[in-house]
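I opened this one with a fresh page and a cup of coffee. Here are my notes, in the order in which I looked things up.

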Amino acid sequence: MWLHFVAQRHPWQNAAVAQDVASITPPGTESSRPAAIETHDLTKRFGERRAVDALSIRVPRGVIAGLVGPNGAGKTTTLRMLLGLIRPTDGSALVLGQSIRHPRAFMHSVGALIEGPAFYPTLSGRTNLSTLATLGRHRDADISGLLQTVGLADRARHMVGSYSLGMKQRLGIAAALLSNPELLILDEPANGLDPPGIIEMRELMRRLRDGGTTLLVSSHLLAEVDQIADWLIVLVAGKAVYSGPAASLPGRQSVAIVVATETPEQLETVARIARDHGYAVVMENGRAQIAAPPAFAGELNRLAMRAGATLVELHQVQTTLEESFLQIIGEAT
Amino acid sequence: MLAAFLSEWPKIRRRSILLALLVMVGLTAIAVGVTLARIQRRSLEQQILIKTDLGLVGTLQPSASLVAVIVLITIAAVLGADWTQGTWRNLLVQEPGRVRLLSGRVLALLVYMIISTALTIGVGTLVAMLIAPHEGISTAVWWDSTGTRDYFEFLGNLVLAVIGWTIFGTLVAVLVRNPAGAVGAAIAWLLVIEGLVNQVEPTVGQYLPGRILSVVLTGGQATLFNAAGSSSVSYTTALIIAGLYAVVMSVVAGASFWYRDITA
């Protein structure tokens with residue numbers, strides 16, 4: 001149903017997507033359990049403005065899903081609706097198989113950090129966590145362990161008002177983990193973190209995913225998302241212009257083969273071979289960039305040798321998420 | 001609701017909330033001390049009243065009005081701050097039942113306010129008992145059977161008023177969603193709106209929440225020390241109207257909190 005919907009809206013998404021879904025989802029889980037998140041025409045209007053516009057997305061269980069989009073695309077509004085903080089104007093959504101209209105049915109299995117960490121500044125980090133654990137009835141929550149995990153054990157007894165943004169962010173992640181969640185929703189989790197903190201965060205997210213937790217991570221740091229996301233949702237003006245496996249994002253499969261030869265004449269020969277096979281070639285800085293699939297590299301090497309050209313450099317360059325993202329945004333707008 | 005109630009207590013230990021208690025206790029002690037120390041400069045009627053079984057209640061009653069204002073400000077500020085600090089979203093992730101969350105929190109704050117009020121009145125009583133003999137006032141009559149009954153009736157009425165002010169403060173905080181705005185709106189309602197209505201149309205004005213709670217607070221009897229409770233509305237009528245206000249305000253606050261988006 002969902003694949004059908006996406007295929008209708010975006011013809012460039014093909015059946016390969018369905019195969020990719022299966023390939024990144026733990027065996028047996030896809031068919032037996034509902035998706036972690038599923039929305040159908042989810043809409044939120046603020047006055048005349050449609051912050052989220054008929055959004056239909058799906059996040060399978062056990063993946064890190066990246067939610068990306070330009071400012072004002074509706075990322076935070078979507079997350080808030082999924083958590084029951086704001087009510088949809090129209091449409092529906094299921095979180096862990098339960099309707100978002102009844103958040104009590106699923107929130108005990110969800111952890112979240114939304115729009116930056118918000119704590120009581122005159123209470124210590126430990127007390128803030130402890131009050132949240134009491135409120136959420138997480139009697140088994142290992143607060144000391146969580147503080148250790150996020151690197152705040154030394155400052156746990158200090159008032160949150162004295163924390164840096166990065167420390168508050170770490171505390172926010174600890175709070176999100178209190179319930180040992182099945183689904184973790186993180187809004188800009190790398191905000192304010194220093195480079196080692198970002199690396200630790202990335203490793204933590206991977207560990208959680210490997211342990212079976214589903215993560216939905218909203219971020220404007222595309223390079224970060226590129227490194228961790230198995231699944232991608234691209235929002236533009238409140239609409240999903242892509243929702244599917246990260247590897248299937250349009251443009252991600254585009255690979256350029258970069259070639260350098262001993263002489264400029266040999267480079268021209270190689271370029272002619274590539275053009276003869278129907279691939280576009282750009283000559284740049286003494287190299288030829290050939291828009292061709294990886295499989296063509298070996299054949300190109302053989303044909304170049306036969307033609308008397310010696311390749312001194314041959315490698316592939318894959319399109320970055322940033323480039324794909326810009327391409328999608330450009331197409332959508 | 002129990003989880004929300006229990007989770008509120010560590011937050012109540014915050015300095016800003018403890019400061020409200022200190023202000024209540026301090027100002028009450030000062031007010032009682034000043035009232036008794038300057039009793040000789042007051043009217044003859046007041047000098048006579050202070051030596052009757054109503055003397056202690058009459059001395060404490062002006063402070064009770066102060067306690068009511070501090071309760072209102074504290075509740076409006078504490079709950080309103082959760083919007084500006086963005087802490088509601090953290091709390092709602094842990095307890096998505098909005099009405100349960102709000103009810104549990106308000107109940108904890110109410111219990112704290114009642115304890116603070118009892119402590120404040122206790123300190124005020126102690127100060128009165130210490131100063132009165134130095135001013136030639138016998139305290140024995142304050143604690144005869146009538147005096148003791150008056151004292152505990154006064155305490156009971158004060159607790160009822162504190163409940164009323166807590167609900168009123170909650171409603172204002174939920175509607176305004178900002179601590180400074182909530183405190184400002186509450187004070188503006190009591191001083192400006194109720195004051196104006198009372199000036200223009202006293203028969204209507206006396207039924208407004210602030211006036212009704214004043215009647216409850218004074219037990220329907222204005223004393224010579226506190227004329228604020230003077231009203232043609234009887235104590236029983238005031239209790240019934242206050243109960244209706246409490247129900248309506250609770251429902252409106254709960255419905256508003258349940259329905260409106262948490263965007264902070």
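**Chain B, inside and out**

I began with burial, keeping in mind that this is a predicted model. Of the 264 residues of chain B, 44% count as buried.

Next I asked myself which contacts in chain B, among those with a separation of 6 or more, link residues 24 or more positions apart, and what share they make up. The share came to 81%.

I then went through the secondary structure of chain B and counted 11 helices and zero strands. Is chain B as compact as a globular protein of its length, or less compact? Its radius of gyration is 19 Å and the globule rule gives 18 Å for 264 residues, which is close, so chain B is as compact as a globular protein of that length. I also noted the span of the C-alpha trace of chain B along its principal axes, about 60 × 40 × 30 Å.

**Where the chains touch**

I turned to the contacts between the chains, using C-beta atoms within 7 Å as the cut-off. On that basis, 24 residues of chain A are in contact with 24 residues of chain B. Which element of chain A gives the most to this side? I found helix α5 of chain A, residues 125-135, with six residues. Sorting the side of chain A that touches chain B by class, I got 14 nonpolar, seven polar and three charged residues.

**Two domains in chain A**

I wrote down the division of chain A: domain 1 covers 2-248 and domain 2 covers 255-332. Between them, 10 residues of domain 1 of chain A are in contact with seven residues of domain 2 of chain A. On the domain 1 side, I listed the elements that give two or more residues: α9 (222-228), β10 (231-236) and β11 (239-245) of chain A. The largest share of that side, four residues, comes from α9(A). By class, this side of domain 1 of chain A has nine nonpolar, no polar and one charged residues.

**A hairpin to finish**

Last, I looked at strands β1 (residues 37-46) and β2 (residues 49-55) of chain A. They run antiparallel, and four bridges join them. I checked what stands opposite Phe46(A), and in β2(A) it is Arg49(A). The hairpin of β1(A) and β2(A) has two residues between the strands, and there Gly47(A) takes a positive phi near 70°.

Notes
Residues are numbered from 1 along each chain as its sequence is written. Chains are lettered from A and ligands numbered from 1 in the order in which they are written. This is a predicted model: local features need pLDDT of at least 70, side-chain atom pairs count only at pLDDT 80 or more; totals for chains, interfaces and linings use all residues. Two strands pair if DSSP finds at least two bridges between them. The radius of gyration is taken over C-alpha atoms; the globule rule is 2.2 Å times the number of residues to the power 0.38. A residue is buried if 20 or more other C-beta atoms lie within 10 Å of its own, exposed if 12 or fewer, and partly exposed in between; C-beta atoms are placed from the backbone. Two residues are in contact if their C-beta atoms, placed from the backbone, lie within 7 Å. Ala, Val, Leu, Ile, Met, Phe, Trp, Tyr, Cys and Pro count as nonpolar, Asp, Glu, Lys and Arg as charged, and the others, Gly among them, as polar. Domain bounds come from an automatic or database domain assignment.
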